[in-house]
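Colleague: Could you take me through the largest pocket in this model, with a close look at what lines it? I'm new to this, so please keep it friendly.

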Amino acid sequence: MKSKKAGALILATLMLSSSVLAGCAGPLNLMQESIYCDDARIAQEFDTYTVANRTGSLFDRKIGGLTGLETWLRISVPNEGGEFRVNYDATVSDGDFKIVFVDEKNVDTVCEGTARGSRVFTLDRGEYALKAVGAHASAEIAFELQASEGVTAVATGDAFDDDQAVDLEPIES
């Protein structure tokens, strides 16, 4: 009887170990890697990502080992439309990394790889998102976000943090 219990315990331990290891190179991770070049999947509303570490705030963030897609900001534009500006400074030290601006159907790359600059989006009424997409990416990103009156934004939370309203600076001409 003891040998059956010991065998079952060994089997359970092996199954658990293999499932943990499969998470690092298994089907989910491969699916997350394939998102990088797939605009149709980037435009979808759900996130799927793994990240080894993340520090800082929305406006000054350091990430390590990002693979997949993570929504950082949801933007709402009122009936009269508006403008949204992203000033960015991104330094990528490993892997592939990009920031994208997404509406229901379209994906517009804000920056890819190490880059510094500014993008202005003229927006119709609706919902938009600013997302990070990576494949084994490590990067440091600093943002300054500006918007016309009435445009609102929410930084998306995760399992540990709730969504939080973001104060957008008035857009400069």
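Modeller: Sure, and one bit of vocabulary to begin with: Ala, Val, Leu, Ile, Met, Phe, Trp, Tyr, Cys and Pro count as nonpolar, Asp, Glu, Lys and Arg as charged, and the others, Gly among them, as polar. Keep in mind that this is a predicted model. With those labels, the lining of the largest pocket splits into 7 nonpolar, 7 polar and 7 charged residues. The pocket itself holds about 440 Å³ of space. It is lined by 21 residues, and if you want to find its centre, look for Arg 61, Ala 155, Thr 156, Gly 157 and Asp 161, which lie closest to it. As for the strands, β2 (53-57), β3 and β9 (164-166) each put at least two residues into that lining.

Now set it beside the second largest pocket, which has about 300 Å³ of space. Here 14 residues form the lining, with Glu 45, Arg 74, Tyr 128, Ala 129 and Lys 131 closest to the centre. This lining divides into 4 nonpolar, 3 polar and 7 charged residues. You'll meet β3 again, since β3 and β7 each supply at least two of the lining residues, and β7 gives the most, with 4.

Those two strands turn up in the protein's interior too. The largest nonpolar core has 33 residues, and β3 (60-77) and β7 (126-147) are among the elements that give two or more residues to this core. The largest share, 9 residues, comes from β7.

Note on methods
Residues numbered from 1 in each chain as written. Predicted model: local features only at pLDDT ≥ 70, side-chain atom pairs only at ≥ 80, totals over all residues. Heavy atoms only, no water. Core = buried A, V, L, I, M, F, W, Y, C linked by side-chain atoms within 4.5 Å. Buried < 20%, exposed > 50% of the residue type's maximum accessible area, 1.4 Å probe, protein only. 1 Å grid on protein atoms, 1.4 Å probe; cavity = no way out; pocket = protein on both sides within 12 Å on 5 of 7 lines; lining within 4 Å. Points joined across faces, edges and corners; volume = space filled by probe spheres on them.
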